[in-house]
Amino acid sequence: MSAKILYVEDNPQNMRLVRKILMSAGYQVLEAADGLTGVAVAAREQPDLILMDVNLPDINGLEATARLKASPQLAWIPIIALTANAMHGDREYCLAAGCDGYLAKPVMKNELLSTVALFLSQASPYAEAGYR
Ligand code: MN
């Protein structure tokens with residue numbers, strides 16, 4: 001069964017590009033165009049991994065990440081932040097908000113796929129719950 005990846009992104013071009021890359025690698029792709037939709041889709045679909053744009057039209061990606069990480073049912077899902085603002089300190093903001101990883105835009109195909117594969121290999125809904 002292929003992994004299910006949610007991509008939260010308001011830019012249609014970025015969405016198209018990343019969807020194409022992920023689908024070419026055999027992943028299922030779920031989409032959300034803003035932060036609140038992203039949180040709702042994550043809760044409903046329980047994706048294996050989330051790619052999170054930081055600049056979104058409603059709540060930003062860091063706030064959406066914080067909400068997901070506050071949920072015991074969703075906190076295990078790895079979240080990789082994607083941002084165009086590759087400013088100094090961005091990585092720290094993302095990680096402080098609870099993101100598990102960070103990729104600067106523009107996204108490079110090989111970097112995206114290797115990062116996704118790495119986090120998928122480590123993630124498990126039972127990892128933090130200890131198989132209770
Ligand atoms: Mn954006």
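Colleague: Before we begin, a residue is called buried when its relative accessible area is under 20%, exposed when that area is over 50%, and partly exposed in between, with a 1.4 Å probe and protein chains only. Why is Asp-53 counted as buried?

Modeller: Asp-53 has a relative accessibility of 3%, and because buried means under 20%, that value places Asp-53 in the buried class. Please keep in mind that this is a predicted model, in which local features need pLDDT of at least 70 and side-chain atom pairs count only at pLDDT 80 or more, while totals for chains, interfaces and linings use all residues. Residues are numbered from 1 along each chain as its sequence is written, and side-chain values use heavy atoms, with hydrogens and water left out.

Colleague: What makes Asp-10, Asp-53 and Asn-55 donors of the manganese ion?

Modeller: Donors are N, O and S atoms within 2.8 Å of the metal (3.2 Å for Na, K and Ca), and since water is not among the atoms, sites may look incomplete. The manganese ion is coordinated by Asp-10 (OD), Asp-53 (OD) and Asn-55 (O) at 2.0 to 2.2 Å, so these oxygens satisfy the 2.8 Å limit. Asp-10 lies in the loop between β1 (4-8) and α1 (12-24), whereas Asp-53 belongs to strand β3 (residues 49-53), so the pair ties together parts that are 43 residues apart in sequence. Helices (H or I, at least four residues) and strands (E, at least two) are DSSP runs, numbered from the N terminus.

Colleague: Why is Asp-10 called partly exposed?

Modeller: Its relative accessible area is 36%, and because partly exposed covers the range between 20% and 50%, Asp-10 belongs there.

Colleague: How do you know that Glu-31 and Arg-19 form a salt bridge?

Modeller: A salt bridge is a side-chain nitrogen of Lys or Arg within 4 Å of a carboxyl oxygen of Asp or Glu. For Glu-31 and Arg-19 the N to O distance is 2.5 Å, so the pair meets the definition. Glu-31 lies in strand β2 (residues 28-32) and Arg-19 in helix α1, so the salt bridge ties together parts that are twelve residues apart in sequence.

Colleague: What makes Arg-44 and Glu-45 a salt bridge, and why is Arg-44 called exposed?

Modeller: The closest N and O atoms of Arg-44 and Glu-45 are 3.4 Å apart, which is within 4 Å, so the pair qualifies. Arg-44 has a relative accessibility of 60%, and because exposed means over 50%, the word applies to Arg-44, whereas Glu-45, at 26%, counts as partly exposed.
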